[in-house]
Amino acid sequence: MQFATESKDPSLLPGTSSQIAEIGLIENLLELKHFKKPQIQRRLAVYPYESYAKKNELICELMKLLWPEQVKIDLFSIYKDFDYFMTATGRKGHFIHQFEVFLLGLNLLLVLWKKKPNLSIFKAKSKEELINIWLITATTHDCGYPLQIAPDIVNDLSNLCMKLNLKSLSDRFDSIKFKDLLKKEHELKGLVIRNKSQDEIISEYISIEILMKIILKSNLKLSSDEIQKLIDKFVDDANHGYVSSIILCNILLDVVINDLSDPNKFKDDWLFNKLNFIAGAISLHSLDIKDRKYIRKISFEDNPYAYILFLIDNIQDWSRAIVPNTKYAEYQLKDFNISDNELRLNYILSHDSWTAQVREDAKKDILKRSAKLKCLPKLFSKFNYKINVSFQGDNLSEFPQIKMGM
């Protein structure tokens, strides 16, 4: 499929990626069987030329077409509405980011698959299954973010009301407490599955808490006590990766456990079997540099999707606010180039007034992400693959690069 040409300078368009970069991310996918349907190809092909504001609706349409048939759930219109609310309050937008993580990560996964089409390495029976696992993982990995920032948003509303001399209303907002949010919200701890079999209603309680302990232990190969400490930390922080995985488990378990009269029936469902990799990857992607002891346990061999999500999220996750924060530089992916042996990304950093502090903050941000990625363990399954991410200011200032091998 040919892309139309565009006269505008792609480096000046709003958004997190230029048109040139978006075309590069998408054109490699158009020949795949998974994206061959005309309605999918049309929407993917127009994505680079759609306005930033309309990309949200386009992604919703694509998700309805791309998600596996057995889990056709309208999650994305809800995520989209949450995203509007978050960006309106000055927070990062995550909806488009999730889709771009999917595109970038899939390009990398397909190259690695081509180099070593070993089903055991990728925990998938086929390329189609690999795409589906990554699709669900990437496009839902930040859906718990609204719960993590809820206390900050309520505090902002309280402060704004106080500035308007609306003290009573300010106090009301201030009285909303989010302490122990994950401990008190029963829907985030487990769910009751109910269905009818032979005129008898059968119900069963599924503990998501226990399921997450099993999943994280499988992913990190740590003791039960160490896993419990990590979960306690996630719960205390309302960590959005952990919350996202809980929300997804809550929704998907209700779909895959479809016959309680036969407790073994769901065990053969591909989605239930892959939930370990999907929920594990989503839970671990938001670890911070101070959690390096856990990052060092994210093994490609144990969960390739956890490894790739952590990697891609840290080289794609930049500024995504509707209204730019004047304190920090804005990032845009200008160029995307991928070959059989190397992935190269070139970011442009822009700011209206480059001060020494703005440059230093940008440098620290890049170095922090580089340090996080260096915590990832070495791969036993060597792909002889290089990843290079460069950064340049729109005032021609230079910044550190991120380099790593796989």
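This report describes a predicted model of one protein chain, from its overall make-up to selected residues.

## Overall make-up and confidence

The protein chain contains 17 helices and six strands. Of its 406 residues, 53% are buried. Contacts between residues at least 6 apart in sequence join residues at least 24 apart in 71% of cases.

The average pLDDT of the protein chain is 81, and 76% of the residues score at least 70. Over residues 1-14 the pLDDT stays under 50, and for this stretch the model has 26 contacts beyond four places in sequence.

## The nonpolar core

The largest nonpolar core is made of 112 residues, and I308 and M406 have the most contacts inside it. Helix 5 supplies the largest share of this core, with 14 residues.

M406 is in contact with a set of residues beyond its neighbours within four places in sequence. Among them are L108 and L112, then F300, Y307, I308 and L311, and also L379, K382, F383, N384, Y385 and I387.

## Aromatic pairs

There are 11 aromatic pairs in the structure. In one of them, the rings of F99 and F102 have centres 6.1 Å apart and planes at 35°, so this pair is tilted. F99 and F102 are three residues apart in helix 5 (residues 95-115), which places about one helical turn between them. F99 is buried because its relative accessibility is 1%, under the 20% limit. F102 also has 1% relative accessibility and counts as buried.

A stacked pair is formed by Y347 and F391, at 5.5 Å centre to centre with 15° between the planes. This pair links distant parts of the chain, since Y347 is in strand 4 (residues 342-350) and F391 is in strand 5 (residues 386-393), 44 residues apart. Y347 is buried at a relative accessible area of 2%, and F391 is buried at 2% relative accessibility.

## A ring cluster and two lysines

Which residues do ring pairs link into a cluster? The cluster consists of W113, F122, F300, Y307 and F383. F300, Y307 and F383 are also among the residues in contact with M406.

Two lysines lie over ring faces. K116 is over the face of F383, 5.6 Å from the ring centre. K55 is over the face of Y47, at 4.7 Å from the ring centre.

## Two buried leucines

L345 lies in strand 4, and is buried because its relative accessible area of 2% is under 20%. Leaving out residues up to four places away in sequence, L345 touches L104, I315, L333, D335, F336, N388, V389 and S390. L345 and I402 are 57 residues apart along the chain, and their C-alpha atoms are separated by 9.7 Å.

L44 belongs to helix 2 (residues 38-46). Its relative accessible area is 1%, so L44 is buried. Beyond residues up to four places away in sequence, L44 touches I26, L30, F35, L62 and F99. F99 is the helix 5 residue that pairs with F102. The C-alpha atoms of L44 and L58 are 8.6 Å apart, with their positions 14 residues apart along the chain.

## Cysteines

How many disulfides does a search of the whole structure find? The search finds zero. A disulfide is a covalent bond between the sulfur atoms of two cysteines. C249 is buried, with a relative accessible area of 0%, and C375 counts as buried at 8% relative accessibility.

## Positive phi in two loops

Most residues other than glycine have a negative phi. K123 is not a glycine, yet has a positive phi of about 55°. K123 is found in the loop between helix 6 (119-122) and helix 7 (127-140). Is K123 buried, partly exposed or exposed? K123 is partly exposed because its relative accessible area of 23% falls between the limits of 20% and 50%.

L396 also has a positive phi, near 70°, in a residue other than glycine. The loop that holds L396 runs between strand 5 and strand 6 (402-405). L396 has a relative accessible area of 65%, over the 50% limit, and is therefore exposed.

Terms used. Residues are numbered from 1 along each chain as its sequence is written. This is a predicted model: local features need pLDDT of at least 70, side-chain atom pairs count only at pLDDT 80 or more; totals for chains, interfaces and linings use all residues. Side-chain values use heavy atoms; hydrogens and water are left out. Rings of Phe, Tyr and Trp (its six-membered ring) pair if their centres lie within 6.5 Å; planes under 30 degrees apart count as stacked, over 60 as edge-to-face and the rest as tilted. Helices (H or I, at least four residues) and strands (E, at least two) are DSSP runs, numbered from the N terminus. Buried means under 20% relative accessible area, exposed over 50%, partly exposed in between (1.4 Å probe, protein chains only). A charge sits over a ring if NZ of Lys or CZ of Arg is within 6 Å of the ring centre and within 35 degrees of the ring normal. A disulfide is a pair of cysteine sulfur atoms within 2.5 Å. A nonpolar core is a set of buried Ala, Val, Leu, Ile, Met, Phe, Trp, Tyr and Cys residues joined through side-chain atoms within 4.5 Å. Contact means heavy atoms within 4.5 Å. pLDDT is the predictor's confidence in each residue, from 0 to 100.
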